[in-house]
Structure formats: C-alpha cells, structure tokens
There are 2 protein chains.
Amino acid sequence: MEVRLAENYGFCFGVKRATKLAEANKNSSTLGPLIHNPKEIERLEKGYNVKSQEDITKLSKAENVIIRTHGIEKDKKEYLENENFAVIDATCPFVTKPQEIAEKMSDEGYDVVIFGDNSHPEVKGVKSYAKKAFVVSGVEDLKKLKLSERVAVISQTTRKIENYLLVTDYLVKNCREIRVFNTICNATFDNQDAVSKLAKEVDIMIIVGGKNSSNTKQLLSIASKECDFSYLVEDEKDLKSEWFKGKNVCGVSAGASTPDWIIDNVVDNIRKI
Amino acid sequence: MEVRLAENYGFCFGVKRATKLAEANKNSSTLGPLIHNPKEIERLEKGYNVKSQEDITKLSKAENVIIRTHGIEKDKKEYLENENFAVIDATCPFVTKPQEIAEKMSDEGYDVVIFGDNSHPEVKGVKSYAKKAFVVSGVEDLKKLKLSERVAVISQTTRKIENYLLVTDYLVKNCREIRVFNTICNATFDNQDAVSKLAKEVDIMIIVGGKNSSNTKQLLSIASKECDFSYLVEDEKDLKSEWFKGKNVCGVSAGASTPDWIIDNVVDNIRKI
C-alpha cells in the first residue's frame, strides 16, 4: 500500500513543549493527563516516572506538579500556589491567553461567552477565570441565553473557524458590542487544511490519535467529507486489513497530541499491507 | 389599482426629529441638506425659510446653524463651536453613537474600520472622529489593507446586516481581536423586512424616496429580488402608466427620509390608475 502523509500533522507547539517539560522533570505528577494521548502518557510514566493524578488532594509535596497542556481551573492553581507546591506550568500558551482574556473581559463588565465543550478541561479552565461565563456549543445554546448588550466571546482553541463564525454572527446581530477573540490555534487549522487536501487525493484515510481528543475527532470529520473510507486509530493495533481491500493509496494524518513514534508504527504497518 | 402599504416605511426617528427641529427654528441654515430628500428640503425652505448651505464659510452668525441628520466632520463642528455660531444639532443619535465609538476606539489604539460608502456624509463624519480609519465597501477592500491585530469595526447605519457579517467574518478570521459594534439602525431593518414581505405578494412595487438616498436604493434592491417590476420614484410625477399595464396589486414603501405627504400623493395617484 502506498502511504502519503499530510503536509502538516501531529504534535503541536504546546504538546511538544509539555512533553519536553515532563521529560525534563522525572518523578513528577501531572494534575490530570498531561495531553490527550494515552500511549504517550504511558511512555512518560514508564520512561520518566511521570504519573497522572486526577485528585488534587492526593498530590505529594515531595514531587513536582506539572499542570497539563489544557490548563486547570483558577482555584486549583491558587490552591497549588498557596500550599507551596513546586509547580511546573505546562499549560499551552495558546490556552493561557484565553484564560487571561476571560478574566480581563469579566473584570471590564462584559458577559463572557465561550464557544466550546463544557466538559473539556481547557474550557473548564478558561471558564473559571471569568466571574460568570456561558459555554455554548452553537447558536441553539446562545438563543437560550439572556445576554447583556456587551459581550466578549472566546473560542476553544481546537474549534473550527466556520462554526465559530456562526456564533459570532449571531452575537453581532443581537448585541450592540461584541469583542471577538480569535483564540483558535493555527496548528489546528494547518492540520485540518492539510487533511482536507490529502483526503481528496487518496482511496482511504487513516487518522492517528486519541479517541477522546477533540482535534483528532475533527480531523476525522473533515477527512470523511472528502473520502468515504476514513478511519480513526489509536495505534497500529486498531488497523483492520479489510479496510484496505481494493485500495491503492492511503493518506495518513494525526491529531495534535499524537507522538511521532506512534505515527511511524502505523505508517510502517500500512505499508506492509 | 389596489395599493398595499408596507408594514413599516418612511420617516425614521432621526429624520422626524430633524424636521421638527427645522420647523421649530425658522430662518436657519443647514450645513448641507438636512435629510436626503429634495422635496422635503424644498418644503422646509418654502414654509420655514430653512435653507441648505454647503459652504461653511458662507454661514451667517445672524442665524442658527442646523447640523444635518447625517452629522458633519469633527473639524467642522469644532469650527462652528470655536466661532460661536448658534448650533442646533440635528445629528441622528444613531449617528452620534458611531462617531463617539470611532473616537474612543482610535484613542484606545485600535485600527478603525468603517463599513460603508466613503463619499456618504454620515461616513465622512464618523471617519473624521478617528485618528485613522479605513472605509471599506466589502471584503475586497479589506484584503488590500494592512491591519493591526486589534481592529474595531463600525457600520454605516443604513447597511444590510448580511453584508456587514461578511466584513466581520473576514476580520474574525484574520485578526486576533475585533470589536464589532452593531451600529445598523433598526428602522432600516424594519423597513427592509417589510418590503421583502410585501414584494412577494404584489404584481408591482413602488419605492418612494430620493434617488441619492442610500436606504431608499437598498429598499429598491430588496424589492427587485422578490418582484421583477420594482421602481423608484421621487414623487407622483415619476410614475409611468405603462408600468401598471396588466397589473392588479401595487405594493408601496418609502425610504427613511421620505415624508408622509409625498407618499400620500404617490398612493393617491396609483389608486387612480
């Protein structure tokens, strides 16, 4: 099977930075999984004794605490600081920015709207910096809100710009002033554009990434629009040989939290089919 | 001929206010035409001796100076104040607002973008309140600009929201922060919605208004989409009997600067056809 890789794929700036921080700080704990990729988490635990701890009260002061790429809630960060934990902040700078915006806009009296997934750690973190913030997944959610005439709006970094524009359009129509912050990460765009382009040229598309990774799922959704045979795999073990019957060219891309070593394994296995 | 009037048409709040101010201040001069309707200007001149003067240096201090509904440039207003003219400000409050926004955003370091017609007096006035402002008529104009990452955007009051959204969408995509002010006037919306609805139900549409009135021309454009036989008239003299051959029902609407007495004359004449 011929394999073509997308022009842009895989680890983004923030994830590269976070894994380097984890490798440089052996025997640490991360508060929640450092990134959305179980295999890489496992590699960091085995190779560097960096463990993931969901419960903040179970952290030990004897070890460093690494804050995950998606960031954490403001009160949790304050707790760690007040309790004098040794904190290493691996929050992606593209996530720190919307946290700061949420806090500033809230202080200036704007209603804060966050376009994203209410249950996503990044969104929970950003939301916690505003005195009051509304999380919406689209226009239908907005319609239910009673907003003031002055609204600030932020997007989860991994959302599609086209969907964000539906939200901002609604707000422009219905509010006197809106402050729109384009907090969508370019790395996400670049990977998405490259998938859309590649999926047009191939018989089958394989997206490599965590099944709970928001941006990986979006890559799959974009690929599916251009190529009927698009699949998501976490690693080479998820590949099914019947997918490839009668196909000649396979496109490969990977989510922003997928490490190169996993992608390489998947590619090697597809080439052998 | 049966005549149906649109649910909303004609004089808006700002124009009603301006003509009342003119009637209450006989023997005044307006700096430029008070509103965009030559017939109403003529009526105010004949009935109240309110004259239109384009040249600011030819105004006399012996009489009141009325500022037109569309507003004037900041330097002209300052000149009138510094020279101690008796000024009556008939600027529509919905135009004063974007002037204030342009000044404030410019002071706060934002690039100011105005969506509108560069040659329209309202836009010239609003623009003059910013240290630097870019007037754009659409996305093509925006593409030529080198904008900073922080942009404030204002619309001419009579623009269509759908077109404004094309401008704001482009800015959201290309700037880190944009402040969108919805400065479009509801009166314009209401008249436009009513024309669109009425034009679907009739055989012919007549829009009454000044041929240089921006919002009157937009009503004609909206009517034309729904009804192939849509015409703009300034008064009953512009009506042509051949337009009405084979037609049974005529819809009528009027621009925001068209006085009721002109609309009544037009309707009376159509009924007689």
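**A sheet, two cores and a buried aspartate**

Let me begin with an open sheet in chain B, which is built of 4 strands in the order β3-β2-β4-β5 and paired in parallel fashion. I should say at once that what we are looking at is a predicted model. At the edges of this sheet sit β3 (51-53) and β5 (87-89) of chain B, each of which pairs on one side only, and neighbouring strands are turned against each other by 30° on average, if direction is ignored. Staying with chain B, strand β2 (residues 29-31) runs parallel to β3(B) and is joined to β3(B) by 3 bridges, and if you look for the partner of B:Ser29 in β3(B), you will find B:Lys51.

Now to the nonpolar cores. The largest of them has 36 residues, and within this core the residues with the most contacts are A:Ile178 and B:Ile178. Apart from that core there is another, of 17 residues, including B:Ile204, B:Val233, B:Leu239 and B:Val252. As for B:Ile178, once residues up to four places away in sequence are set aside, B:Ile178 touches A:Ile178, A:Arg179 and A:Val180 from chain A, and also B:Val151, B:Val153, B:Thr168, B:Leu171 and B:Val172.

Finally, I would like to turn to A:Asp169, which lies in helix α7 (residues 161-174) of chain A. Which side chain of opposite charge is nearest to A:Asp169? That side chain is A:Lys173, 6.8 Å away, and A:Asp169 has no salt bridge although A:Asp169 is buried. Leaving out neighbours within four places in sequence, A:Asp169 is in contact with B:Leu165, B:Thr168 and B:Asp169.

Technical notes:
Residues are numbered from 1 along each chain as its sequence is written. Chains are lettered from A and ligands numbered from 1 in the order in which they are written. This is a predicted model: local features need pLDDT of at least 70, side-chain atom pairs count only at pLDDT 80 or more; totals for chains, interfaces and linings use all residues. Side-chain values use heavy atoms; hydrogens and water are left out. A nonpolar core is a set of buried Ala, Val, Leu, Ile, Met, Phe, Trp, Tyr and Cys residues joined through side-chain atoms within 4.5 Å. Buried means under 20% relative accessible area, exposed over 50%, partly exposed in between (1.4 Å probe, protein chains only). Contact means heavy atoms within 4.5 Å. Lys and Arg count as positive and Asp and Glu as negative; His and the chain ends are not counted. A salt bridge is a side-chain nitrogen of Lys or Arg within 4 Å of a carboxyl oxygen of Asp or Glu. Two strands pair if DSSP finds at least two bridges between them. Axes are lines fitted to C-alpha atoms, for helices over the stretch in contact, and angles run from 0 to 180 degrees between N-to-C directions.
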